[in-house]
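Colleague: Let us walk through this one together. Please keep the answers short.

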Amino acid sequence: MIRQFATVRQGDLLKVATLGAGMGARIYVGNLPFSADEAQVRALFEQGGRAVKEVHIVEERETGRPRGFAFVEMNSDSEAQDAISQLNGYNYGGRTLTVN
């Protein structure tokens, strides 16, 4: 599957959006604990009945260690907006998440 992405500037924020029908909404998750894995991030975003399509934790190229942020693709824009409103500022593993 080929995915296309577009960057959208909203004020001082630069958002990454997935293009194409039925592809869901990709959101940025920052300030993740370095110990967080894909299953933990998926479980966090699935709370409240939201459906997660994909979780991608970004890693350092040379070491493979997590860089502290991820992208989560939700099934719909409404689920993405719900996750953003519920989890932005959420304390997870002793760190305050940035979700947008």
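Colleague: Leaving aside its neighbours within four places in sequence, which residues is glutamate 79 in contact with?

Modeller: This is a predicted model, where local features need pLDDT of at least 70 and side-chain atom pairs need 80 or more, while totals for chains, interfaces and linings use all residues. Residues are numbered from 1 along each chain as its sequence is written, and side-chain values use heavy atoms, without hydrogens or water. Contact means heavy atoms within 4.5 Å. By that rule, and without those neighbours, glutamate 79 touches Gly49, Arg50, Ala51 and Met74.

Colleague: Glutamate 79 has no salt bridge, so how far away is the nearest side chain of opposite charge?

Modeller: A salt bridge puts a side-chain nitrogen of Lys or Arg within 4 Å of a carboxyl oxygen of Asp or Glu. For charge, Lys and Arg count as positive, Asp and Glu as negative, and His and the chain ends are left out. Glutamate 79 is buried (under 20% relative accessible area; exposed is over 50%, partly exposed in between, with a 1.4 Å probe and protein chains only). The nearest side chain of opposite charge is that of arginine 50, at 7.1 Å.

Colleague: Which residue does arginine 50 meet in a salt bridge?

Modeller: Look for a side chain with N to O at 2.9 Å from arginine 50. Arginine 50 lies in the loop between α1 and β4 (52-59) and its partner in helix α2 (residues 77-87), so the pair ties together parts that are 32 residues apart in sequence. The partner is aspartate 82.

Colleague: Is arginine 50 buried or exposed?

Modeller: Its partner aspartate 82, at 30% relative accessibility, counts as partly exposed. Arginine 50 has a relative accessible area of 9%. That value makes arginine 50 buried.

Colleague: What N to O distance goes with the salt bridge of arginine 26 and glutamate 73?

Modeller: The two side chains meet in a salt bridge, N to O at 3.3 Å. Arginine 26 sits in strand β3 (residues 25-30) and glutamate 73 in strand β5 (residues 66-74), so the pair ties together parts 47 residues apart in sequence. Arginine 26 is buried at 15% relative accessibility, and glutamate 73 is buried at 2%. The distance asked for is 3.3 Å.

Colleague: Which residue forms a salt bridge with arginine 42?

Modeller: The closest N and O atoms of this pair are 3.8 Å apart. Both residues lie in helix α1 (residues 38-46), four residues apart, about one turn of the helix. Arginine 42 is partly exposed at 22% relative accessibility, and its partner is partly exposed at 42%. That partner is glutamate 38.

Colleague: How many bridges pair β4 and β5?

Modeller: Two strands pair if DSSP finds at least two bridges between them. Glutamate 59 stands opposite proline 66 in β5. Glycine 64, in the hairpin of β4 and β5, takes a positive phi near 80°. The pairing is antiparallel, and its bridges number six.

Colleague: What pattern does the chain follow along the sequence?

Modeller: Helices (H or I, at least four residues) and strands (E, at least two) are DSSP runs, numbered from the N terminus. The chain has two helices and eight strands. Read along the sequence, they give β-β-β-α-β-β-α-β-β-β.

Colleague: What share of the 100 residues in the chain is buried?

Modeller: Arginine 26 at 15% relative accessibility is one buried example. Glutamate 73 at 2% is another. Across the 100 residues, the buried share is 34%.
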